[in-house]
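User: I would like a close look at a single part of this protein, namely the salt bridges and the helices that they connect. Please work through them one at a time and then set them against the rest of the chain.

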Amino acid sequence: MRTYVGEGATVVTHSTNVPYFEKTLAIRERVLGADHTETGYAAYNLGWLYGDLAQYEKAIGYLVRSQAIWEKAQGPEHSDVAYALDQQASRQQLAHVDDRHQAAVAFLDAAQADRHTLLIPDPVEEFMGVGAGRQRHGQ
């Protein structure tokens, strides 16, 4: 859970908020229509929330949807379109970083399983200048 305080408001991001954001989007679609700018805001907010919850695929989908709505309703040069594009780029970068992190964790897990090939410096020995970087077998 993340809490943001800014511009006189506190926003708490938590997965329990997702149903409320989804319901808001559904109501705006039903009442205002799928192409209304307010529907775009609801889609954008849902994308922002999913991005903050590290569900980047879902986030990008809603952000692309808000961009399309706003481009159609307000034109491609509108600031709302720029916000949607900015958030898409941010979430794509985070998704890439998350993928790389998961790959690194998998690599380290595999290395831990095969510890005899992993160089593990002993902090005390390194400080004392003895045995720094020696290979440990089965420890």
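**Salt bridges and the helices around them**

Analyst: In this predicted model, the side chains of Lys 72 and Asp 35 meet in a salt bridge, with 2.9 Å from N to O. This pair links distant parts of the chain, since Lys 72 sits in helix α3 while Asp 35 belongs to the loop between α1 and α2, 37 residues apart. The two partners can be placed by their accessibility: Lys 72 is exposed, with a relative accessible area of 63%, whereas Asp 35 is partly exposed at 43%.

A search of the whole structure finds 3 salt bridges, and the other pairs also involve helix α1. The side chains of Arg 65 and Glu 29 form a salt bridge at 1.7 Å, N to O. Here too distant parts of the chain are linked, with Arg 65 in helix α3 and Glu 29 in helix α1, 36 residues apart. Arg 65 counts as partly exposed, at 27% relative accessibility, and Glu 29 likewise counts as partly exposed, at 27%.

Glu 38 forms a salt bridge with Arg 28, and the closest N and O atoms of this pair are 3.6 Å apart. Because Glu 38 lies in helix α2 and Arg 28 in helix α1, the pair ties together parts that are 10 residues apart in sequence. Glu 38 is partly exposed, with a relative accessible area of 31%, and Arg 28 is partly exposed as well, with 25%. As a general point, side chains of opposite charge can pair when their charged atoms come close.

It helps to look next at the helices themselves, beginning with α1. Its 15 residues should span 21 Å at 1.5 Å a residue, and the end C-alpha atoms of α1 are 21 Å apart, which agrees. Just after α1, Gly 33 takes a positive phi of about 105°. For helix α3, residues 56–74, the 19 residues should span 27 Å by the rise of 1.5 Å a residue, and the end C-alpha atoms are 26 Å apart, which agrees. Just after α3 there is again a glycine with a positive phi, Gly 75, at about 95°.

Away from the charged pairs, helix α3 also has a buried set of residues, made up of Tyr 56, Ala 59, Ile 60, Leu 63, Ser 66, Gln 67, Ile 69 and Trp 70. In general terms, an α-helix has 3.6 residues a turn, so residues three or four places apart point the same way.

The largest nonpolar core has 8 residues, namely Val 18, Leu 25, Ala 42, Ala 43, Leu 46, Leu 49, Tyr 50 and Ala 59. The elements that give two or more residues to this core are α1 (18–32) and α2 (37–52), and the largest share, 5 residues, comes from α2. Apart from this core lies another one, of 6 residues, among them Tyr 44, Leu 63, Ile 69 and Ala 84. In soluble globular proteins, nonpolar side chains tend to be buried together.

Leu 25 offers a view of how the core and the charged residues meet. Not counting residues up to four places away in sequence, Leu 25 touches Thr 39, Ala 42, Ala 43, Leu 46, Tyr 62 and Arg 65. Arg 65 in that list is the residue whose side chain meets Glu 29 in a salt bridge.

Other residues of helix α1 are less covered than a buried residue would be. Ala 26, found in helix α1, is partly exposed, with a relative accessible area of 37%. Ala 26 and Ala 43 are 17 residues apart in sequence, and their C-alpha atoms are 9.6 Å apart in space. Ile 27, also placed in helix α1, is partly exposed with a relative accessible area of 35%. Together with Val 31 and Leu 32, Ile 27 forms a nonpolar patch on the surface, with about 250 Å² of accessible area for the three residues together.

Finally, these details can be set against the whole chain. The protein chain has 5 helices and 2 strands, and read along the sequence it follows the pattern β-β-α-α-α-α-α. Buried residues make up 25% of its 139 residues. Among contacts with a separation of 6 or more, 46% are between residues 24 or more positions apart. The accessible surface of the chain comes to about 9,300 Å², and 56% of that belongs to carbon and sulfur atoms.

Conventions
Residues numbered from 1 in each chain as written. Predicted model: local features only at pLDDT ≥ 70, side-chain atom pairs only at ≥ 80, totals over all residues. Heavy atoms only, no water. Core = buried A, V, L, I, M, F, W, Y, C linked by side-chain atoms within 4.5 Å. Buried < 20%, exposed > 50% of the residue type's maximum accessible area, 1.4 Å probe, protein only. Helix = DSSP H or I, 4+ residues; strand = E, 2+ residues; numbered from the N terminus. Contact = heavy atoms within 4.5 Å. Expected span 1.5 Å × (residues − 1). Salt bridge = Lys/Arg side-chain N within 4 Å of Asp/Glu carboxyl O. Areas by Shrake-Rupley, 256 points an atom, 1.4 Å probe, with all protein chains shown as cover. Patch = residues over 30% accessible without salt bridge, like charges linked within 9 Å, V, L, I, M, F, W, Y side chains within 5 Å.
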